[in-house]
Amino acid sequence: MKKQFVLTVIAASIAASPSVNATNGYFTHGYGTSHKGMAGAGVAISEDLMSAATNPAALNLDYLNGKTGIIVGAELFSPDREYRITQPDFYAPEGFYLQSPGKESDNSLFVIPEFAIGKKLNDKWDAGLVVYANGGMNTEYSAPSAEQGTFYAGKTGVDLKQLFISPTFSYKVSEATQVGFAPLLVVQQFKATGLASFGGFSSSPENLSNQGTDTTTGFGVQLGIQHQFSEQFGFGVSYRSAVSMQEFDKYAGLFAEQGGFDLPSSLQLGVAWQASAEHQFLLDWQKINYGEVNSIANPLSNLMVAPLGADNGAGFGWEDMSVVKLGWQWQRTAEQKLRAGVSYGEQPIPSTQTLFNILAPGVQEWHYTAGLTQLVGDNSKLSLMAFYSPSKSVKGSNMLAPNQDITLEMSQMGFAVSLEWAF
């Protein structure tokens, strides 16, 4: 029964794996309801089973008292995405002008699942399975006819889904130090529509747009360590490797390297300060290396030197991103813990790259969060989280029609709930 339950939850997670999260670029702002309530901070602490998604060394299951623990949760996520187009004073010959005033994206409500199961093996080793989602590329701009639309090729948009399935192991080196490692199986899906007008720029126009959903897999690893310097101060660091994914063959004429879309590496480190018996403060820094992946980082200007889909083909022009996360939690009573957090990271899209990023306007910078955990039984606890990311915009020239400006804008909000229990 346990095995059947686990397989059922994983299958449901794959089916429901979303296309967007509260995002730093297209990385989620945090993993697990508890950590999301602190703006994703907490690489130095262990709150629950989902803490292992932030840092595999956080899989510390002493609190389960030898039982098996399970956590299941979901986030209801609502982003508003739009682009705005200026009306040019004149039309240059051969310019690729977009139609003003612009559009808002459809699909503004998503469900994001999370799941983990774990058990203490002995005094030194803990083991678990963690399943979570990533991805922040989803847009769908309607069109009244096949000849109309954002790029004059019908309904336009992209849909990227990424799911991480992570067997996780932690080892207690000493009373003060714990290490962890987690092999990663990544499953991702992608589809694009409305891009046929770029066929003249593509190395494979038949594999550029409207090819349905393509699925690829890849493998990576996540490593982590936590160390407690004293009762008041702890430190944690987690590194997730780059993941070499199979190519999206159906979109070999869109992404650089014949449909390549690897996952960039990321590093998160942080400190935890137990200011008093009730109050704890967390400060984390995260680096996301978007520049490692050509299909994400190559600038649109590469259209002039290489076709779409080539090794040096144009991409979204994203830059590396650094994020600072500040979290606080208050043990209000023995049964209840309250949380709050704020994070900031300079968004990764330069103003020169607005044209292609109509498809992926990942421009968010600030996230404000709140949350709580409430014991609801001897062996179970309920966690809640809410967040708001205020509107952020980026304005720049249409590279294919320089006297026309494009503005990308997005705001986000969401609510999450999870339940953890032991048996």
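This dialogue discusses strand pairing, one buried residue, and the pockets and cavities of a predicted model.

User: How do strands E16 and E17 pair, and over how many bridges?

Analyst: Strand E16 covers residues 366-377 and strand E17 covers residues 380-398. The two strands pair in the antiparallel sense, over 9 bridges. For a single pair to locate in the model, take glycine 371, whose bridge partner in E17 is methionine 385. The connection between E16 and E17 is a hairpin of 2 residues.

User: Which strand does E17 join through 17 bridges?

Analyst: That strand is E18, residues 401-422, and E17 and E18 run antiparallel. Here leucine 384 stands opposite valine 417 of E18. A hairpin again makes the link, with 2 residues between E17 and E18.

User: I should like to turn to a single residue. Where is alanine 44 found, in terms of the helices?

Analyst: Alanine 44 lies in the loop between helix H2 (33-36) and helix H3.

User: Does alanine 44 count as buried or exposed, and why?

Analyst: The general idea is that a residue counts as buried when its relative accessible area is under 20%. Alanine 44 counts as buried because its relative accessibility is 7%.

User: Which residues does alanine 44 touch, leaving aside those up to four places away in sequence?

Analyst: Its contacts are Gln226, Gly234, Phe235, Gly236, Gly270, Val271 and Ala272. A separation in sequence can also be set beside one in space: alanine 44 and phenylalanine 169 are 125 residues apart along the chain, and their C-alpha atoms are 16 Å apart.

User: How is empty space in a structure to be read?

Analyst: A probe the size of a water molecule is rolled over the atoms, and this shows where empty space is left. In this model, the largest pocket holds about 740 Å³ of space.

User: How many residues line the largest pocket, and which lie nearest its centre?

Analyst: The lining has 36 residues, and those nearest the centre are Ser46, Glu47, Asn60, Asp62 and Tyr63. By class, 11 lining residues are nonpolar, 16 are polar and 9 are charged. Several strands supply at least two residues each to this lining, among them E8 (177-193), E9 (214-228), E16, E17 and E18. The strands of the two hairpins described above therefore reappear in the lining of the largest pocket.

User: What is the volume of the second largest pocket, and which residues line it?

Analyst: Its volume is about 150 Å³. The lining consists of Asn107, Asn138, Thr139, Glu140, Lys155, Gly157, Val158, Asp159, Lys191 and Thr193. Strand E7 (157-172) and E8 each supply at least two of these residues, and the largest share, 3 residues, comes from E7. The division by class is 1 nonpolar, 5 polar and 4 charged.

User: How many cavities of 30 Å³ or more does a search of the whole structure find?

Analyst: There are 5 such cavities. Unlike a pocket, which is open, a cavity is a space from which the probe cannot get out. The largest cavity has a volume of about 150 Å³. It is lined by 17 residues, and Tyr31, Thr54, Ser266, Gln268 and Gln286 are the closest to its centre.

User: Which elements supply at least two residues of the lining of the largest cavity?

Analyst: They are strand E2 (27-28), helix H3 (51-54), E10 and E12. The lining of the largest cavity comprises 5 nonpolar, 10 polar and 2 charged residues.

Definitions and conventions:
Residues are numbered from 1 along each chain as its sequence is written. This is a predicted model: local features need pLDDT of at least 70, side-chain atom pairs count only at pLDDT 80 or more; totals for chains, interfaces and linings use all residues. Side-chain values use heavy atoms; hydrogens and water are left out. Two strands pair if DSSP finds at least two bridges between them. Helices (H or I, at least four residues) and strands (E, at least two) are DSSP runs, numbered from the N terminus. On a 1 Å grid over the protein atoms alone, a cavity is a set of points where a 1.4 Å probe fits but cannot get out, and a pocket is an open set with protein on both sides within 12 Å along at least five of seven lines; lining residues have an atom within 4 Å of a point. Grid points are joined across faces, edges and corners, and a volume is the space filled by probe spheres set on the points. Ala, Val, Leu, Ile, Met, Phe, Trp, Tyr, Cys and Pro count as nonpolar, Asp, Glu, Lys and Arg as charged, and the others, Gly among them, as polar. Buried means under 20% relative accessible area, exposed over 50%, partly exposed in between (1.4 Å probe, protein chains only). Contact means heavy atoms within 4.5 Å.
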